[in-house]
Each structure stands twice: as C-alpha cells, then as structure tokens.
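Here are my notes on this one, in the order I'd go through it with the structure open. Have a look and see where you'd want to linger.

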Amino acid sequence: MEFPKWLFQRAEALDMHDIAEKVIESERLSAEDGQRLFECPDLPLVGLLADIVRRRKVGEKAFFNRNLRIDYTNICNKKCLFCAFDRLPGEPGGYVLDPQQIHDRVVEHLPFGITEVHMVGGINPRLPFSYYLDALRAIKSAAPDIHVKAFTAVEIAQIIKISKLTPEDTLFTLREAGLDSCPGGGAEVLSDRVHDELYPIKIGPQQWLEIQRLIHRCGLRSTATMLYGHIETRAERVEHMIQLRALQDETGGFLAFVPLAFHPENTEMSHLPPPSGVEDLRTIAISRLMLDNFDHIKAYWVMLTPKVAQVSLSFGADDLDGTVIHETIVHEAGAKTPLGLTVEELVHLIREAGKIPAERDSLYRIRRVWN
Ligand code: SF4
C-alpha cells in the first residue's frame with residue numbers, strides 16, 4: 001500500500017513513523033509499540049492508523065445484529081468490586097428467571113426479528129447443571145433457529161464444576177442443549193495484579209484463557225472482552241491484548257474483540273471517574289492496531305453511549321453490537337444509555353458516520369446491506 005506523505009510527516013513529527021510504517025506494511029506491532037500509541041498525544045493520528053486497518057479488514061461496512069439480552073440471574077457469590085449487578089445469595093433483590101420465563105421472553109421479542117439471544121448471569125451456587133441445560137432448551141423451543149450466545153468463561157467454569165462431567169463433555173452437553181457460541185465477558189484485565197485486587201474469588205487470567213481454549217477446541221466460537229478504565233495500567237491493557245492475540249494465533253476461535261468501558265456508579269469503586277471519551281476512542285483504536293488477527297472490533301454502545309460508539313467507527317471499530325434489548329448489567333452500574341436501540345436507529349448511526357450499515361448474524365455472515 002502506498003504510504004500517504006501527509007500521514008508520514010505527521011507521524012514523523014511525533015517520532016511515530018516506524019509504527020505508521022508497520023501499519024501500512026501490515027507488520028505486527030510489539031508491546032512497546034502499543035505503549036507508545038497510548039502515550040501518543042495525537043489521538044487523530046492513532047485513529048487514522050486504526051482506520052487504515054479497519055478499512056483493510058471490512059471496507060466501508062459497519063455491522064450490527066438484532067439481539068435480545070437475557071440476564072437470567074443476578075445472584076452471585078464472586079463479589080467483584082467493579083460489579084453493580086450482583087446480589088449475594090439470600091440478599092434482597094436477587095432473582096432467577098425460570099426456563100418458562102426465559103422461553104416467554106424470547107417469544108415476546110420474536111416480532112422484533114431477533115436472530116440472537118445473548119444470555120449471561122451471576123455465579124449462583126444454587127443453580128444445578130440441569131438449570132443451564134433447561135434454560136438453553138427453553139430458548140430453542142421458542143425459536144429453534146435462533147443463535148444462542150451464552151455463558152461467559154466464568155459461568156462455564158462454574159458449570160464444569162457442577163456438571164460431574166469432563167470439561168469437554170460439559171461443553172458438548174451444553175451444545176446439544178442449544179449453546180451456539182460464548183460471549184467474552186469475565187476476562188476483565190488479564191493481569192494477576194488486577195485479578196488479586198478486584199476479583200480474587202473469580203477465575204483468573206490463566207483459567208479464563210484455558211476455558212477459551214476449551215471452547216474453541218470444542219468447535220464453538222467466542223468473543224473476547226477487556227474491562228478498562230479502573231485500576232489497570234495502560235501497560236496492562238497492552239499485555240491483555242498481546243495475550244488475546246497469542247491465543248487467537250493458536251485457535252482462531254475469537255470472532256471479535258469488545259473493549260468494555262468501566263461504569264463505576266453503584267459499585268465498590270464509585271469513587272473512580274469513568275473513562276473519558278478520548279480514552280474510549282484511544283483504547284478502541286489501539287485494540288484495532290494490536291489485534292491484527294481479530295476480524296472485528298466491537299463498539300458496545302451500551303457502555304460507550306451511542307454517540308461515542310458512532311465516532312469509534314472512524315477509530316477502528318466496525319461493529320455496534322446490536323439492538324441489545326433488555327440489558328440490565330451495565331444499567332445497574334448507572335449507564336444512561338437506552339434499554340435497546342431499534343434497527344432504524346442503528347442504521348442511522350452508521351450511515352451518519354459515513355459507513356454502510358450491514359446487518360449480520362452472530363457469526364458475521366451478512367443478512368442485509370443498507371446501500
Ligand atoms: S461481575 Fe459477574 S462474577 Fe463478578 S460479581 Fe458481577 S455477576 Fe458476579
């Protein structure tokens with residue numbers, strides 16, 4: 001690809017021309033490059049470089065899908081300090097949706113044309129293995145063709161623990177009951193330091209990566225997340241990306257990377273400010289640059305706000321997630337974003353950003369392009 005002269009001059013003025021050259025030549029960036037990008041004072045330059053990679057990957061399309069969230073229980077015994085959603089067993093306000101309620105919620109939303117159910121919950125020690133299977137079957141009995149993206153690696157670890165099966169057989173049994181892919185939550189920041197400070201009872205970095213490896217080995221795809229903007233350092237964010245990139249080299253099982261902006265309200269860390277819009281855009285752009293083997297970078301509008309997510313489509317992101325009807329986890333932490341967007345709103349956001357809206361299924365096969 002021809003090296004645009006003005007871009008070279010701009011990068012050279014900031015001593016970033018070697019990184020710009022690597023991006024133009026599709027060379028892999030190092031951890032040190034990632035840290036220099038975080039220190040670079042010229043955010044638009046970082047965004048421009050990320051935009052080159054985004055365009056190379058997907059052209060001018062920006063993706064979304066029609067998805068329904070089902071947060072099946074908020075009862076959880078893991079006590080993560082950044083969480084506003086959880087209730088301890090026995091604490092007022094705890095709930096569990098029974099399989100019939102899950103079924104009915106899917107039926108209720110079929111008229112919206114949903115193609116995916118995204119189902120996650122807390123680690124509720126009272127739920128037996130059969131509950132998870134029945135929850136999956138309830139969704140498939142309501143809509144046999146719908147894609148069920150369910151259970152983060154943290155939940156998978158819990159399900160393996162109670163299933164009395166091998167990890168592989170647990171996954172195969174979940175698949176038979178209707179599991180189609182897994183969401184990437186629970187990674188938080190792949191750092192022992194952050195794990196020990198913020199969520200010491202929950203699985204740590206190595207176990208999260210091991211469960212992703214298992215998911216991919218069992219033929220399921222997943223996404224990967226990073227919760228940023230709390231106590232982690234920028235170096236730890238870069239290290240997180242490097243670890244994901246290495247696993248993607250090994251398995252190729254990740255569909256997308258989803259940077260998640262921390263929402264401090266109603267959490268044990270409510271004294272911290274939320275990440276700024278600049279930090280959101282910078283983190284998205286750098287993830288696009290570092291994760292050269294990920295096809296998609298998702299701007300999760302629920303956490304970013306639709307406005308920041310829209311701008312991020314020019315900073316390396318190519319996917320706005322979806323309609324996300326009924327999200328509760330981030331809204332418990334004070335998110336002021338709507339409880340779902342319509343397809344028309346998503347198409348408008350993407351068009352206004354100068355991109356071509358493309359409705360996708362859960363595996364990024366295109367269902368419709370709004371030319
Ligand atoms: S983040 Fe998940 S595992 Fe941690 S307390 Fe909240 S619901 Fe439980």
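1. A word on classes before the pockets: Ala, Val, Leu, Ile, Met, Phe, Trp, Tyr, Cys and Pro go down as nonpolar, Asp, Glu, Lys and Arg as charged, and the others, Gly among them, as polar. With that scheme, the lining of the largest pocket splits into 5 nonpolar, 2 polar and 5 charged residues. Keep in mind throughout that this is a predicted model.

2. Who lines that pocket? One stretch of names runs Lys 79, Cys 80, Leu 81, Cys 83, Ala 84, Asp 86, Arg 87, Leu 88 and Glu 91, and the lining also includes Asn 266, Thr 267 and Glu 268. The space inside the largest pocket is about 200 Å³.

3. Now for the enclosed spaces. Rolling a probe the size of a water molecule over the atoms shows where empty space is left. Searching the whole structure turns up 2 cavities of 30 Å³ or more. The second largest cavity holds about 40 Å³, and around it sit Glu 116, Lys 149, Thr 223, Leu 255, Lys 298, Arg 360, Ser 362 and Tyr 364. By class, that lining has 4 charged residues, 2 polar and 2 nonpolar.

4. Two of those lining residues deserve a second look. Arg 360 lies over the face of Tyr 364, 4.2 Å from the ring centre, and both names appear in the lining of the second largest cavity. There is another charge over a ring elsewhere: the charged end of Lys 202 sits over Tyr 199, at 5.1 Å from the centre of the ring.

5. On to the overall build. The protein chain has 16 helices and 11 strands. Its radius of gyration is 20 Å, close to the 21 Å that the globule rule gives for 371 residues, so the chain is as compact as a globular protein of that length. Along the principal axes, the C-alpha atoms fill a box of roughly 60 × 45 × 40 Å. Of the 371 residues, 60% are buried.

6. Aromatics next. A pair of aromatic rings is described by the distance of the centres and the angle of the planes. The count here comes to 11 aromatic pairs. Take Tyr 72 and Phe 151: the ring centres are 6.0 Å apart and the planes stand at 90°, so this pair is edge-to-face. Tyr 72 is in the loop between β2 (67–71) and α5 (99–109), while Phe 151 is in the loop between β4 (147–150) and α7 (153–163), so the contact ties together parts 79 residues apart in sequence. Both Tyr 72 and Phe 151 are buried.

7. Phe 151 has a further partner. Its ring and that of Tyr 132 have centres 5.5 Å apart with planes at 80°, so this pair is edge-to-face as well. Tyr 132 belongs to helix α6 (residues 129–142) and Phe 151 to the loop between β4 and α7, so in sequence the two are 19 residues apart, and the pair links distant parts of the chain. Tyr 132 and Phe 151 are both buried. Add Tyr 131, and you have one aromatic cluster made of Tyr 72, Tyr 131, Tyr 132 and Phe 151.

8. Which backbone angles would I check? Most residues other than glycine have a negative phi, and most peptide bonds are trans. Phe 151, though, has a positive phi, near 70°. At 1% relative accessibility, Phe 151 counts as buried, because the cut-off is under 20%. Thr 305 also has a positive phi, near 85°, and is found in the loop between α13 (301–304) and α14 (306–312). With 33% relative accessibility, Thr 305 counts as partly exposed.

9. Last, two residues to place by distance. Glu 279 is in helix α12 (residues 277–290) and is buried, at 12% relative accessible area. Between the C-alpha atoms of Glu 279 and Gln 310 there are 15 Å, with 31 residues separating the two along the chain. Trp 370 comes in the segment after β11 (366–369) and counts as buried, at 12% relative accessibility. From Trp 370 to Thr 233 is 40 Å in space, C-alpha to C-alpha, and 137 residues in sequence.

Conventions: Residues numbered from 1 in each chain as written. Predicted model: local features only at pLDDT ≥ 70, side-chain atom pairs only at ≥ 80, totals over all residues. Heavy atoms only, no water. 1 Å grid on protein atoms, 1.4 Å probe; cavity = no way out; pocket = protein on both sides within 12 Å on 5 of 7 lines; lining within 4 Å. Points joined across faces, edges and corners; volume = space filled by probe spheres on them. Phe/Tyr/Trp six-rings, centres within 6.5 Å; stacked < 30°, edge-to-face > 60°. Helix = DSSP H or I, 4+ residues; strand = E, 2+ residues; numbered from the N terminus. Buried < 20%, exposed > 50% of the residue type's maximum accessible area, 1.4 Å probe, protein only. Lys NZ or Arg CZ within 6 Å of the ring centre and 35° of its normal. Rg over C-alpha atoms; globule rule 2.2 N^0.38 Å.
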